Amino acid sequence: MTAETDTQTTTVYRVTGMTCGHCEGAVTSEIASLPGVTSVKAVAASGEVTVVSAAPLADEDVRAAVDEAGYEFAGQI
């Protein structure tokens, strides 16, 4: 799901393998380092990661960040 406003884009992704707060932190840290990202909220219980960015992100960039954190990117919700 992607929602665009005049200045920001919010996208929700599914990430599998997160089980705890440490997992959430690792995923959040990696995605937050992508250019244009202003906010990341990862929830291990649901596997959802909500990302707010200045412009839409390329799925391959998000996938690479999630892979770097050690989890599996399952696409946009």
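**Group meeting: a walk through the model**

Okay, let's start with one polar contact: a polar atom in the Ser-53 side chain sits 2.7 Å from the backbone oxygen of Ala-55. By polar contact I mean a pair of N or O atoms within 3.5 Å, where, within protein, one must be able to donate a hydrogen and the other to accept it, and residues adjacent in sequence count only if both atoms are side-chain atoms.

Before I go on, this is a predicted model, with local features needing pLDDT of at least 70 and side-chain atom pairs counting only at pLDDT 80 or more, while totals for chains, interfaces and linings use all residues. Residues are numbered from 1 along each chain as its sequence is written, and side-chain values use heavy atoms, with hydrogens and water left out.

Back to Ser-53. You'll find Ser-53 in strand E4, residues 48–53. Helices (H or I, at least four residues) and strands (E, at least two) are DSSP runs, numbered from the N terminus. Ser-53 is buried, at a relative accessible area of 2%; buried means under 20%, exposed over 50%, and partly exposed in between, using a 1.4 Å probe and protein chains only. Setting aside neighbours within four places in sequence, Ser-53 is in contact with Thr-7, Gln-8, Thr-9, Gly-36, Val-37 and Thr-38, contact being heavy atoms within 4.5 Å.

Val-37 is on that list, so to speak, from the other side too: Ser-53 is among the residues Val-37 touches, along with Ile-31, Ala-32, Val-51, Val-52 and Leu-57, not counting residues up to four places away in sequence. Val-37 belongs to strand E3, residues 37–43, and is buried at 14% relative accessibility.

Now the helix. H1 runs over residues 21–32, twelve in total, and spans 16 Å from first C-alpha to last, close to the 16 Å expected at 1.5 Å a residue. That expected span is 1.5 Å times one less than the number of residues. Which residues of H1 are buried? Cys-23, Val-27 and Ile-31. They cover an arc of only 55° around the axis, so they are on the same side of H1; the arc is taken from the directions from the helix axis to the C-beta atoms. Those buried residues pack against E2, E3, E4 and helix H2 (59–69).

Somebody always asks about cysteines. A disulfide is a covalent bond between the sulfur atoms of two cysteines. How many disulfides does the structure hold? Zero, with the cut-off being cysteine sulfur atoms within 2.5 Å. Why no bond for Cys-20? Because the closest cysteine sulfur, in Cys-23, is 3.5 Å from its own, too far for a bond. Cys-20 is partly exposed at 33% relative accessible area, whereas Cys-23 is buried at 5%.

On to aromatics. Searching the whole structure turns up one aromatic pair. The ring centres of Tyr-13 and Phe-73 are 5.6 Å apart and the planes meet at 50°, so the pair is tilted. For the cut-offs, rings of Phe, Tyr and Trp (its six-membered ring) pair if their centres lie within 6.5 Å; planes under 30 degrees apart are stacked, over 60 edge-to-face, and the rest tilted. The pair links distant parts of the chain, 60 residues apart: Tyr-13 is in strand E2 (9–16) and Phe-73 in strand E5 (72–76). Tyr-13 is buried at 1%, and Phe-73 is buried at 4%.

Last stop, Met-1, in the segment before strand E1 (2–4). Met-1 is exposed, at 54% relative accessibility. Its C-alpha is 6.0 Å from that of Gln-76, 75 residues apart along the chain.
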